[in-house]
Amino acid sequence: MTTNDSAGGAGRVQVHKGGGIGVLGLGAYIPDKVVSNFDLEKLVDTTDEWIVQRTGIRERRVVEEGETVVSIAKKAAELALADAGISGGDVGLVIVATATPDYFTPAAASLVQHAIGARACAAFDLNAGCSGSLYALIMARAYIESGACDYALVIGAEILTRAVDWDDRKTCILFGDAAGAAVVGRVGQGRGFLSSMLRSDGEGASMITIPAYHINEEDLGRRGGVKKPTVWLEGRKVMKFASRAMSASVEGVAAAAGLGVGDVRLVVPHQANLRIIENASKRLGLAEDRVFVNIHKYGNTSAASILVSLHEAEAAGMVKDGDHVALVAFGAGLTYGAALMRM
């Protein structure tokens, strides 16, 4: 991690005094189709044991032919709206975090906005890789704090199985499809988002790429000289970066809120690799029951990951009223950051 977090305003952790803005409702959509490691053994030179040892992944979900980022985002959004007890018409901002949009334009957020009946509100897509939903949550919090709206809808939706090279055993084993959603709005004082930090270290941007209109010679060579809009990543370097970035981010937001890591009841990390999560947990001194993990079921669902995980953690009773919860992520960019909430 090369970013100098002590360098001026760009390095400061944001303290949201008194909280007052938080998550009111959560929803998730997980496709029905399961692709196990044993299924992948039939496609590429790999084994279940090899995948589990290196990633912790046992299976992942894959969308059906007719499903789109917009359609799965809409399903997650409707569940989150119902959980929050509001309708689409109450929403003043829609953000869809995705690295795999159906279109570059129009934004998926505009199509979701129309689909849920959110009339004449702001809507845009956000691409911060796997950190996307974390970035979007903090953007939504700021928008509400400004007085621009009362409720914001944040969605992380990815169909990464359409962006993998199924002949590349290093990447096709990692990713799955899903959508998660959160309604953000005003909560009681002392609740909601207490602190946050968002960072990007562009020096490591070449470590995770999906080409669009342009591809440089280095990236082209990595793809065998063929321009393919597929995921490529430099696994070892990413793992080293991520373990440090995630632990430092959690420590940073806890300290900014006047707390220690021991005061955080649950850490909800981006589910990229079990070894990354375990390494970060060891750095933080956290026991297994204080770190949420579902990567074995879904693989890496990128921007959907944190919202799906938070939804499942709450449904499982792992998050209770008054608990401090830290969300932490890293992704292409290289982006990273964390947010601390009091539920």
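Author: The radius of gyration is taken here over C-alpha atoms, and the globule rule sets it at 2.2 Å times the number of residues to the power 0.38. The model discussed below is a predicted one.

Reader: What radius of gyration does the protein chain have, and why does it agree with that of a compact globule?
Author: The C-alpha trace spans about 55 × 45 × 40 Å along its principal axes. For a chain of 343 residues a compact globule would have a radius of gyration near 20 Å, so the model agrees with the rule, its own value being 19 Å.

Reader: Which share of the residues of the protein chain counts as buried?
Author: A residue is called buried when its relative accessible area is under 20%. Applied to the 343 residues of the protein chain, which form 10 helices and 14 strands, that cut-off gives a buried share of 56%.

Reader: Why can the buried residues of α8 be said to line one face of the helix?
Author: Helix α8 covers residues 274-284, and its buried residues are Ile276, Ile277, Ala280, Ser281 and Leu284. Seen down the helix axis, these buried residues line one face because they fall within an arc of 130°. In general, an α-helix has 3.6 residues a turn, so residues three or four places apart point the same way. The face of α8 turned away from the buried side carries the exposed residues Lys282 and Arg283.

Reader: Against which elements do the buried residues of α8 pack?
Author: The buried residues in question include Ile276 and Leu284. Their packing partners are one helix and two strands, namely α7 (235-256), β12 (266-269) and β13 (324-331).

How values were computed:
Residues numbered from 1 in each chain as written. Predicted model: local features only at pLDDT ≥ 70, side-chain atom pairs only at ≥ 80, totals over all residues. Heavy atoms only, no water. Helix = DSSP H or I, 4+ residues; strand = E, 2+ residues; numbered from the N terminus. Buried < 20%, exposed > 50% of the residue type's maximum accessible area, 1.4 Å probe, protein only. Arc of directions from axis to C-beta. Contact = heavy atoms within 4.5 Å.
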